[in-house]
Amino acid sequence: MSAGAAAGPAAQVREAVTALIPTLRENGREAEDNRWIPQDNVDLLDKAGVFRLAVPARFGGLDVPLVDQAAVVSEVSRGCASTGWVASAWVQGGWVTSLFPDAVQEEVFAGGAVRVSGGLAPTAVLVPTDGGYLLTGSWGFNTGVRGAHWDFLAAVIPGEGEEYTPVYAMVPADQLTIADDWHVSAAAGTGSFTASAQDVFVPAHRVADAAELVTGTTGGRANAGATGRNYGLITYVMAMSVAVFTGAARGAYDTFVERARGRGIAYTDWTDLSAHPLTQVKVATAANKIAAAEALTHNFITALQDRADAGEHPTVADSVRVRGESGFAVQSAKEAVEALHEVAGASSLLRKEPFQRFHRDVLGLSRHGMLTPNTNLELQGRVLLGHEPDTLFL
């Protein structure tokens, strides 16, 4: 994600994050052991300005374009994929908050920097009550909720018969119950625990219609229209998530190359792994796959920015393209790390080595339902062949 990052505040944030990469890698094992990133990581990223990236300028935020948000997230992920995944989720949450009415933005953005997690599956119900609703339900895979200030949560408001209205509710994270259920073999540091609510009161102004939020047409906000920041919810989430993969793949590449020179190949006469032709082929293959993933991602982010600058919402064709190209970028990043893993040697499996964590995290995160390569490529291929998309997540 290095191409296209602009000078100014975003560049300063990125430079600060680059200086943190050794610390993020050093803290990786602690994050995995605790199933949640260390507070040190959170504090350092906060100080660097990461959690102000998507906050509107009128609230003291940096309000930078998508290409710069993604570049910073990618750099965090070069240090630690789990930390990058959490940072991406919180930056995304800040941008989603900007789609809510001004009354909500004023509450959430009061401090300038903010950490907002989210649960996108409508696995809860809002029951009308005086002044608002009572929220009951649970949301699995709620990345970063343990360290979040707020959580935007998908739910439904029951209507007559089987009718219901999909909505998103903005809820203070300290009003939720967090289960200790994140026991996984990859991306363990993301702390994607299940969050639950039982009759939590949500004021009416903190509930937004899901269709309006997804299309950027929520009323009552000063930043509607041609502001250059209306990217479309699904396409924005895809872009910010893929940035984690390209950054983590670069992290894997960096740590592999650092270890390769002067390291022998077991049970052979080779005393320098970096001198072996197969190693050289695998490194070149990985470098090119990462560069291809970065270029592809940069291209569709630029297209999304052009739409936003024109005050237009991404079209169905735009969304399908982003879904498909995101899938291909994730696949390329995954293949790059796998190529390096094939020649990394058994010592790379030691838990102290960041490389093995990058490898497992990239493979594990590629199982995310929205990012799985085959699902996204199948969607793009179907539309390219003249069929209708069979999903509402566009």
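In which hand does α10 pass α12 in their crossing? Keep that in mind as you open the structure, which is a predicted model; the tour begins with these two helices.

**Stop 1: α10 and α12**

Select residues 316-341 for helix α10 and residues 373-384 for helix α12. Turn the view until you look across both, and you have the reply to the opening question: the crossing is left-handed. The two axes come within 8 Å and cross at roughly 140°, which makes α10 oblique to α12. Now show side chains at the contact. On the α10 side you will find V320, R321, R323, G324, E325, G327, F328, V330 and Q331. They meet P373, T375, N376, L377, L379, Q380 and V383 of α12.

**Stop 2: α4 and α5**

Next, pick residues 66-79, helix α4, together with residues 81-97, helix α5. Here the axes lie 6 Å apart and the packing angle is about 155°, so α4 is roughly antiparallel to α5. This crossing is right-handed. To see the contact, display Q69, V73, V76, S77 and G79 from α4, then add A81, T83, G84, A87, S88 and V91 from α5.

**Stop 3: G79**

Stay with helix α4 and centre on G79. Is G79 buried or exposed? Its relative accessible area is 3%, so G79 is buried. Leaving aside residues up to four places away in sequence, G79 touches I21, L24, R25 and F358. For a distance to try in the viewer, go from the C-alpha of G79 to that of G28: the separation is 8.5 Å, for two residues 51 apart along the chain.

**Stop 4: S98**

Move on to S98, which sits in the loop between α5 and α6 (102-108). With a relative accessibility of 6%, S98 counts as buried, because the limit for that is under 20%. Which residues does S98 touch, if those up to four places away in sequence are not counted? Select P56, Q105, F109, R221 and N223 to see them.

**Stop 5: the aromatic rings**

Now colour the aromatic side chains; the structure holds 10 aromatic pairs. One of them is F141 with W182, an edge-to-face pair with 5.9 Å from centre to centre and 85° between the planes. This pair links distant parts of the chain, 41 residues apart. F141 is in the loop between β3 (132-139) and β4 (150-158), while W182 is in the loop between β6 (177-178) and β7 (195-203). Switch on a surface and compare the partners: F141 is exposed, at 65% relative accessible area, whereas W182 is buried, at 9%.

Then jump to F256 and F355. Their ring centres are 6.1 Å apart and their planes stand at 55°, so this pair is tilted. F256 belongs to helix α8 (residues 233-260) and F355 to helix α11 (residues 354-365), so the pair ties together parts that are 99 residues apart in sequence. Both F256 and F355 are buried.

**Stop 6: a cluster and a charge**

For the final view, select W36, F51 and W90, which form one aromatic cluster. Then add R115 and look down on W90: R115 lies over the face of that ring, 5.3 Å from the ring centre.

Definitions and conventions
Residues numbered from 1 in each chain as written. Predicted model: local features only at pLDDT ≥ 70, side-chain atom pairs only at ≥ 80, totals over all residues. Heavy atoms only, no water. Phe/Tyr/Trp six-rings, centres within 6.5 Å; stacked < 30°, edge-to-face > 60°. Helix = DSSP H or I, 4+ residues; strand = E, 2+ residues; numbered from the N terminus. Buried < 20%, exposed > 50% of the residue type's maximum accessible area, 1.4 Å probe, protein only. Lys NZ or Arg CZ within 6 Å of the ring centre and 35° of its normal. Axes fitted to C-alpha atoms, helices over the stretch in contact; angles between N-to-C directions. Parallel < 35°, antiparallel > 145°, perpendicular 65-115°, else oblique. Left-handed = near helix turned anticlockwise from the far one by under 90°. Contact = heavy atoms within 4.5 Å.
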